Amino acid sequence: MVSANTELAYNSKIEGDVVVSRADAVINWLRSSSLWPMPMGLACCGIELMAVGASRFDIARFGAEVMRFSPRQSDCMIVAGTVTYKMAPHVRRIYDQMAAPKWVIAMGACASSGGMYRSYATLQGVDRILPVDVYVSGCPPRPEALLDALIKMQAKVKREPSARGLLVRA
Amino acid sequence: MATDIIATIIARFPGAAARASGDHPAVSVPAAAAPAVLQAVREEFGYDFLVDVTAVDWGLEAAVRFTVVWHLFSTVAHGYLRVTADCTDNAAPAMASAVPLWPTANWHERETFDLLGITFTGHPDLRRILMWEGYPYHPLRKDFPLAGIEVPLHDPEIAAETGITLIAAPMAGGPFVASPGEMNLTEAEPRAKDESWNEASAKPTA
C-alpha cells in the first residue's frame, strides 16, 4: 500500500543528500556571495573604500571583505579615484591580469566621468578603458553608496547566464 | 639685513637689480651670474635652505618669456629671499642647475623642466617627473590649453587594445569655467555644453 507523503519540507532521510536547483542559480549564488574586490584606490575615494572595509560599515556582511591585492585572486575591480592618463595603462593591465569572470565598479565622480578634473592629465571616465558594470555617484561617495553598488553588482551577477559557457569548450 | 643683502648683491654682481615684491626681499640677476649669486647668499649670508625652484612664463609676446625663480630661507636670520633670473633664449630656455648647491633642487628642477620646459644644465638626472617620458608638450606654458591636446596613448599595447587616445577634456560648463548667470549649473554639471556626452550624444570611444 502506498501512503501519501505528508512531508512538506525537505527530508534528507527520504530524498537523500540531494538538492534540486538550476546550475545558473547555484553558480551565481556562489559568485555573488563572495565577490573578492581588487581595491584600485587612486585618490580620496580610496579612503572611503577603506571605511567600507572597516568595522562600522563592514563590507563583510556582503561577502566582499577579502580585498585581494593580487589581480589573479580578485573578481571585482573597484576603481576608487582619479585615473590619470599616466596611470590608465597600468589600470588596464591589472584588469587584464584578473581571471574571468570579472567585474568593475567605478566609484565616484572621477572614475565615472573624470569628475571635476577637466584637464590634460585626467582620463575622462574609466569606462574609456574598462567595461564598467556599476557606477557610483558622489565625491567621494558615502560608504553606504558603495555597499548599495555592491548589492546592485550582486543582483547583476545573479542575472547572468553563467552555466551556458561551462559546457562549451572555448 | 634684508635691504643690506639686496644692496650687496647689486653692488657685487653687475646687472643685478632690485625686484618689486609684495612680501619678501627680491633681486633679479643675470642668468650667467645666477650660480655665483646663489652660492654667495648661501655661504656668506646664511640663506642655506632652498624652499622652491619654479619658473614664470610671461607669454608668447613677451621679450623675455621665461624667468626662473628661487625661494631661499635663512635658518640663521629666519628670513626669506627671492632670486630670479631671466632665461636668455625664449625658444629653448636653459638655466644652470642648483643641484650642486642644494640636492633638494633635483626634483624641483625636474618639475620645472616637465611643466615649463626649462632645461637645467648640469642637472644629474633631468627627466620628466609628473608627465610620462615622451609626452610632447609642457603643460604649464601659456600656449598649452588646459583641456590638453590630442596625442596617442603612451602605452602602444594598451592603446591598441582599448583604441583610445588622449582627448582634449570637455571644458565649457566645467567647474573651472566661471560664467555666472549664463547657465543653469544643475544642467551644466558635470556635463559640458559643447563637447559633452550624454543620452543624446554618445561618448567618444576613441
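I looked up Val27(B) first and found that its bridge partner in strand β5 of chain B is Val83(B); a strand here is a DSSP run of E with at least two residues, a helix is a run of H or I with at least four, and both are numbered from the N terminus. This is a predicted model, in which local features need pLDDT of at least 70 and side-chain atom pairs count only at pLDDT 80 or more, while totals for chains, interfaces and linings use all residues. Residues are numbered from 1 along each chain as its sequence is written, chains are lettered from A and ligands numbered from 1 in the order in which they are written, and side-chain values use heavy atoms, with hydrogens and water left out.

**The sheet of chain B**

I noted that β2(B) and β5(B) pair in the parallel sense over four bridges, where two strands count as paired if DSSP finds at least two bridges between them. I then traced the open sheet of five strands, whose order is β1-β2-β5-β4-β3 in chain B, with mixed pairing. Because β1 (17-18) and β3 of chain B stand at the edges with a single partner strand each, one side of each is left without a neighbour in the sheet.

**Strand β4 of chain B**

Which residue of β5(B) stands opposite Trp70(B)? I found Val83(B) there, and eight bridges join β4(B) to β5 (residues 79-86) in an antiparallel run. These two strands form a hairpin with four residues between them, and His78(B) in the turn has a positive phi of about 55°. On the other pairing I checked, β3 (residues 49-57) and β4(B) are antiparallel over eight bridges, with Leu50(B) matched to Leu72(B). I also recorded that eight of the nine residues of β4(B) (66-74) are buried, where buried means under 20% relative accessible area, exposed over 50%, and partly exposed in between, with a 1.4 Å probe and protein chains only.

**Nonpolar cores**

I looked for nonpolar cores, which are sets of buried Ala, Val, Leu, Ile, Met, Phe, Trp, Tyr and Cys residues joined through side-chain atoms within 4.5 Å. The largest has 35 residues, and Trp70(B) and Met95(B) touch the most other members. The largest share of this core, five residues, comes from α2(B). A second, separate core of 32 residues includes Val83(A), Leu130(A), Leu115(B) and Phe144(B).

**Salt bridges**

I counted a salt bridge where a side-chain nitrogen of Lys or Arg lies within 4 Å of a carboxyl oxygen of Asp or Glu, and the search of the whole structure gave 14 over all chains. Asp23(B) and Arg82(B) form one of them, with their closest N and O atoms 3.0 Å apart. Since Asp23(B) lies in the loop between β1 and β2 and Arg82(B) in β5 of chain B, the pair ties together parts that are 59 residues apart in sequence. Arg82(B) counts as buried, at 14% relative accessibility. I also found Arg65(B) joined to Asp57(B) at 3.0 Å, N to O, and both of these residues are buried.

**Cysteines**

How many disulfides does the whole structure hold? I found zero over all chains, taking a disulfide as a pair of cysteine sulfur atoms within 2.5 Å. The sulfur of Cys139(A) is 5.6 Å from the closest cysteine sulfur, in Cys110(A), which is too far for a bond. Cys139(A) counts as exposed at 62% relative accessibility, whereas Cys76(A) is buried at 1%.
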